[in-house]
Amino acid sequence: GNLSDCPNGSRWIMDVFDECAQDGRDVASIVLGLGSIGCFIAAAFPQFYQACRTGIMDQALSIYFLLGWLGGDLLNLIGSFLADQLPLQVYTAIYYVLADLGMLSLYCYYRVKNGGRAFPAPINAAFVFLSVGSLSSLSLLGSASTEAPGPFRGRSLLSAPGDELGPKPFSRTEIIGFTIGSVSSVLYLCSRVPQICTNYKRKSTSGVSYSLFALVMLGNSLYGLSVLLKNPEPGQGQGDYILHHLPWLVGSLGVLALDVVISFQFLAYRKGRPGTLEERDALLGEPDES
C-alpha cells in the first residue's frame, strides 16, 4: 500500500495491515484488535490442560456449547473469506475452527473413555454436518489461496462487510455478509445457555477452565473497544458505521454478558467441587473398606 489516500497515516501500519491510521484512536483500535486476536488464540489451551488433568471434560462441558461455538466460528470463517477480509483475520478464523474441532475431539474421547452413552441422532447429525462443513471450508480456502491472486483490496483489521464510503443501501454482498455475521452472533449467544444450564444442574464447574472464559471475555472486550474506537471512513457517519458493525458488536458484547453469568457460577460453586473420577471412586470405596 501507499499513503496517497492516507497522507497523515502511519506508514508501518499501512505496510503491515494495509489500513489507514491517522490518529491515536485508529492506532489504539489496531492494537486492541491484535490483543483480542491473541486472547482468542490462547483461550483454548487452558481447557485442553484442564481436560487432561481432570478427565471429566464430557461431564463438565455441554456438547451444545461446543457445537454452537464451532458453528459460530465456521460462519465467521466463511464470512471473513467472502467479505475479503485481511489474511490475518482469515488465518485466525481458521485457527478458531481447528481449535474447536480439537476440543470436540477431546470431548468425544473422554465420553467414550468414561463409558458415556452414545450421542442422540440430532447431535450426531449436527457434529457430522459441522465437521464436514469445516473441513470442506478449509480445503476450499486452501485451494483458493493457490490460485493467482488478483488485486488485493485492503480492509480494516476487524471490519465488517460494507465499510464503504458514505451511507448508502446495502449491496448484495453486504447483505450476505451481514446475514452471516448475524447468524454467527446468534450461535455464539445460544452456545452459552447450555453451558450455564450444565453448570447449574451439576452445581459445580469442576473440569471447566475459568481461564478459557476469562480470555474470551478479555478478547471480546478488546474486540468491542477496537471497533468502537475506529474512526469512520471519510463521509461515513458514526451511526452508519455502527450499523455495519452491529452483528459483530452484538455477538461480542452479548457473549460477554453471558460469560459474566458463568463467572458468577464459578464463584458460587467454588466450594464443594468434586475432584477427578479417581478421587470420587476412592471416596465411595472408603465405607466398604472400613
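# Exercises on a predicted helical chain

Phe81, Leu82 and Ile176 together make a nonpolar patch on the surface, with about 280 Å² of accessible area. A patch joins residues with over 30% relative accessible area and no salt bridge, linking like charges within 9 Å and nonpolar side chains (Val, Leu, Ile, Met, Phe, Trp, Tyr) within 5 Å; accessible areas come from the Shrake-Rupley method with a 1.4 Å probe, and for residues only the protein chains shown count as cover.

This is a predicted model, in which local features need pLDDT of at least 70 and side-chain atom pairs count only at pLDDT 80 or more, while totals for chains, interfaces and linings use all residues. Residues are numbered from 1 along each chain as its sequence is written, and side-chain values use heavy atoms, with hydrogens and water left out.

## Exercise 1: The overall fold

Determine how many helices and strands the protein chain has, and what part of it is buried.

Solution. Helices (H or I, at least four residues) and strands (E, at least two) are DSSP runs, numbered from the N terminus. Counted in this way, the protein chain has ten helices and zero strands. Buried means under 20% relative accessible area, exposed means over 50%, and partly exposed lies in between (1.4 Å probe, protein chains only). Of the 290 residues of the protein chain, 47% count as buried.

## Exercise 2: Phe81 and its helix

Find the helix that holds Phe81, and decide whether Phe81 is buried, partly exposed or exposed.

Solution. Phe81 is found in helix α4, which covers residues 63-82. Phe81 has 42% relative accessibility and therefore counts as partly exposed. The helix around it is another matter to check: 15 of the 20 residues of α4 are buried, so α4 is largely enclosed by the rest of the structure. The expected span of a helix is 1.5 Å times one less than its number of residues; for the 20 residues of α4 this gives 28 Å, and the end C-alpha atoms are 29 Å apart, which agrees.

## Exercise 3: The salt bridges

Identify the partners in the two salt bridges of the structure, and state which parts of the chain each pair ties together.

Solution. A salt bridge is a side-chain nitrogen of Lys or Arg within 4 Å of a carboxyl oxygen of Asp or Glu. One pair is Asp26 and Lys230, whose side chains meet at 3.7 Å, N to O. Asp26 lies in helix α2 (residues 24-54) and Lys230 in the loop between α8 and α9 (238-268), so this pair ties together parts that are 204 residues apart in sequence. Asp26 and Lys230 are both buried.

The other pair is Arg192 and Asp259, with the closest N and O atoms 2.7 Å apart. Because Arg192 lies in helix α7 (residues 172-202) and Asp259 in helix α9, the pair ties together parts that are 67 residues apart in sequence. Both Arg192 and Asp259 are buried, and for Arg192 the relative accessibility is 2%.

## Exercise 4: Comparing a record with the model

Take residues 27-49 and 248-269 from the record, and describe the chain over each of these spans.

Solution. The unreviewed UniProt entry annotates both spans, among others, as "transmembrane region"; UniProt positions are given in the numbering used here, feature names are shortened, and annotations may be inferred rather than shown by experiment. Residues 27-49 are 100% helix and 0% strand, and their end C-alpha atoms lie 35 Å apart. Residues 248-269 are 95% helix and 0% strand, with end C-alpha atoms 31 Å apart.
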